[in-house]
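Trainee: I've got a model open and want to talk through its ligand site and its charged pairs. Can we go step by step?

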Amino acid sequence: MREETKKNLKSYLDSLYPILYIRHSDFADVDKVLLEAAAPNVRFYEFNNALGAINFSDKHSMKHCDLVEFLSSVMDDNDDDNECFIVLKDIHKNIDDPKVIALLRRIAELNERDDYHVKIIIIDSVENIPQELKSFITLIDVPLPDDEEIMTCLSDFASEVGEKIDRAVMDELAFLLKGLSAFQIKQVLSLAYQNGGGLDTSDIKFIMGEKEQIIKKSGILEMVNFKETLSDIGGLENLKNWLKRKEKIFAQLDKAIKYGVDIPRGILILGMPGCGKSLAAKATAALFKVPLIRLDVGRLMGKYVGESESNMRSALKLAETVSPCVLWIDELEKAFAGIGGNGGEVTTRLFGNFLTWMQEKESTVFIVATANDISKLPPEFLRKGRFDELFFVDLPNEKERRKILEIHLQKRDKQSSSIDLGRLASETDGFNGADLEGLIKDAVETAFIDNTDITTGTLLDTLHNAKSITDIQGDKIKKLRADLKAYSIKPASE
Ligand code: ATP
């Protein structure tokens with residue numbers, strides 16, 4: 001892939017593209033590709049905000065100056081037939097300055113002349129392309145190392161430190177290192193090596209930890225900490241059984257892929273509020289033994305033109321970085337609200353980007369999307385092939401209510417054997433999981449204050465004063481259920 005990028009870059013540099021915008025955070029890596037792609041007689045100039053003008057080869061500061069001064073001084077270095085590349089790094093904040101826009105535009109327009117050979121290469125981790133420059137800029141995404149390159153990184157590292165790594169360990173490490181840049185791979189490997197003095201399967205946890213750090217630092221995705229497992233969910237047996245099957249694939253992904261099994265893509269869990277959808281997202285990550293990452297689409301909205309789309313691309317790329325992982329999108333219907341209508345162009349484009357990614361992704365990012373209101377969900381999500389399965393979570397039935405009550409009593413270390421759970425379950429029709437949890441919570445509090453044991457009586461008394469979601473929002477629940485039933489989606493409960 002790297003060869004392909006180099007070839008691409010070379011053809012862009014050779015043709016009439018005056019400004020290339022390379023979105024990448026590993027500047028050293030891009031420098032290397034640039035040097036390899038450029039003709040030998042090219043003159044390089046470099047600028048960054050910290051040091052001003054820089055010597056491209058040794059990275060020493062040549063002159064402290066601002067971007068306007070720098071561009072004005074180098075744009076006329078066009079004395080001979082040799083090309084001149086102006087490399088600008090991390091300038092997304094300066095690029096909106098009208099003087100910078102004017103200078104970049106001038107350089108771009110000069111490139112239409114046969115005797116002008118000064119080109120601009122912007123390398124930035126943030127995409128910010130001013131409207132005025134859009135027609136002059138070509139955006140290039142440098143792909144992350146593929147399997148073969150990761151293997152090369154690994155064997156280079158092993159010979160550097162004089163270690164022999166077992167082939168099976170190499171395969172496993174390479175699988176985990178997917179999604180990291182060449183620089184990050186080297187960093188993680190040397191840290192892991194220093195940590196344990198060798199490279200083996202004990203480093204896998206370490207690599208996962210490093211990947212989590214990358215997510216935390218990014219600020220565009222959220223790492224969710226949780227304790228919940230499948231046994232914390234009362235009912236939803238169909239959903240749980242389906243997940244257990246997929247876990248068998250996730251537990252040996254590498255082998256499964258080689259065998260020809262399709263990588264699980266994800267599920268959409270639709271249904272009543274407070275019935276365990278979020279709980280299921282957390283329990284899925286616990287079951288698959290992978291990190292849980294939350295994507296908040298609202299958080300991706302940026303103020304620059306194209307920034308939101310760029311953030312979405314970064315977020316999805318980042319999720320791939322930590323894959324295998326569970327990517328959780330809560331309230332999916334709100335995340336992409338107003339698509340195609342009054343929600344604005346940006347949301348529609350974000351939605352398009354997300355769908356394309358879902359369709360094409362080959363990574364082991366397992367999506368758990370949750371939503372209440374199917375009528376507000378773009379119908380594209382419901383089409384076959386987007387998610388592996390759609391599940392409908394209804395209010396818990398009697399058997400499930402009994403199990404949920406039992407789980408929440410046990411969570412508070414209360415014996416359920418002396419309590420008539422059957423009676424409570426039959427008297428709580430219309431309650432959701434959160435209501436049932438609230439019932440236990442209130443009864444335990446009362447028992448504590450009254451200095452008594454919790455009994456069926458305490459619970460029935462509490463129930464007398466409790467109101468269920470059906471009591472409070474009956475009409476809304478009826479409508480949600482009717483809308484959901486119209487789609488004949490697989491029930492999450494048995
Ligand atoms: P919303 O649509 O409002 O986000 P949700 O379906 O995601 O709701 P959860 O956040 O999973 O609901 O549930 C809220 C709380 O209710 C959970 O923390 C859990 O304690 C309890 N609860 C809900 N459903 C169940 C269940 N099936 N088993 C055990 N506890 C449950």
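Mentor: Sure. Keep in mind that this is a predicted model. Let's begin with an arginine: R113 is partly exposed, at a relative accessible area of 43%.

Trainee: Which residue does R113 meet in a salt bridge?

Mentor: Look for a carboxyl oxygen within 4 Å of a side-chain nitrogen of the arginine. For R113 the N to O distance is 3.0 Å. The partner is partly exposed, with a relative accessible area of 44%. That partner is D115.

Trainee: How many residues apart are R313 and E127?

Mentor: Their side chains meet in a salt bridge, 2.4 Å from N to O. R313 belongs to helix 12 (residues 307-322), while E127 sits in the loop between strand 6 (118-124) and strand 7 (137-141). So the pair links distant parts of the chain, and the separation is 186 residues.

Trainee: Is E127 buried or exposed?

Mentor: The cut-off for buried is under 20% relative accessible area. R313 comes out at 29%, so R313 counts as partly exposed. E127 has 8%, which makes E127 buried.

Trainee: What about D31, which residue does D31 form a salt bridge with?

Mentor: The closest N and O atoms of that pair are 2.8 Å apart. D31 lies in helix 2 (residues 27-37) and its partner in strand 5 (residues 84-89), so the pair ties together parts that are 58 residues apart in sequence. Both residues are buried. The partner is K89.

Trainee: Which residues are linked with D31 and K89 in a network of salt bridges?

Mentor: A search of the whole structure finds 20 salt bridges. Some of them link up, and D31 and K89 belong to such a network. The other members are E46 and K59.

Trainee: On to the ligand. Which side chain has an N or O atom 2.5 Å from an oxygen atom of the ligand?

Mentor: Among the closest residues are G234, K277 and S278. G234 uses a backbone N or O atom, 2.8 Å from a ligand nitrogen. The side chain of K277 has an N or O atom 2.7 Å from a ligand oxygen. The 2.5 Å distance goes with S278.

Trainee: How much of the ligand does the protein bury?

Mentor: Taken alone, the ligand exposes 630 Å². Around it are 17 residues, and helix 11 (277-288), helix 15 (398-411) and helix 17 (433-449) each supply at least two of them. The shell divides into seven nonpolar, seven polar and three charged residues. The buried share of the ligand's area is 80%.

Methods
Residues numbered from 1 in each chain as written. Predicted model: local features only at pLDDT ≥ 70, side-chain atom pairs only at ≥ 80, totals over all residues. Heavy atoms only, no water. Near = heavy atom within 4 Å. Polar contact = N/O pair within 3.5 Å; in protein donor to acceptor, adjacent residues only side chain to side chain. Areas by Shrake-Rupley, 256 points an atom, 1.4 Å probe, with all protein chains shown as cover. Helix = DSSP H or I, 4+ residues; strand = E, 2+ residues; numbered from the N terminus. Nonpolar A, V, L, I, M, F, W, Y, C, P; charged D, E, K, R; others polar. Buried < 20%, exposed > 50% of the residue type's maximum accessible area, 1.4 Å probe, protein only.
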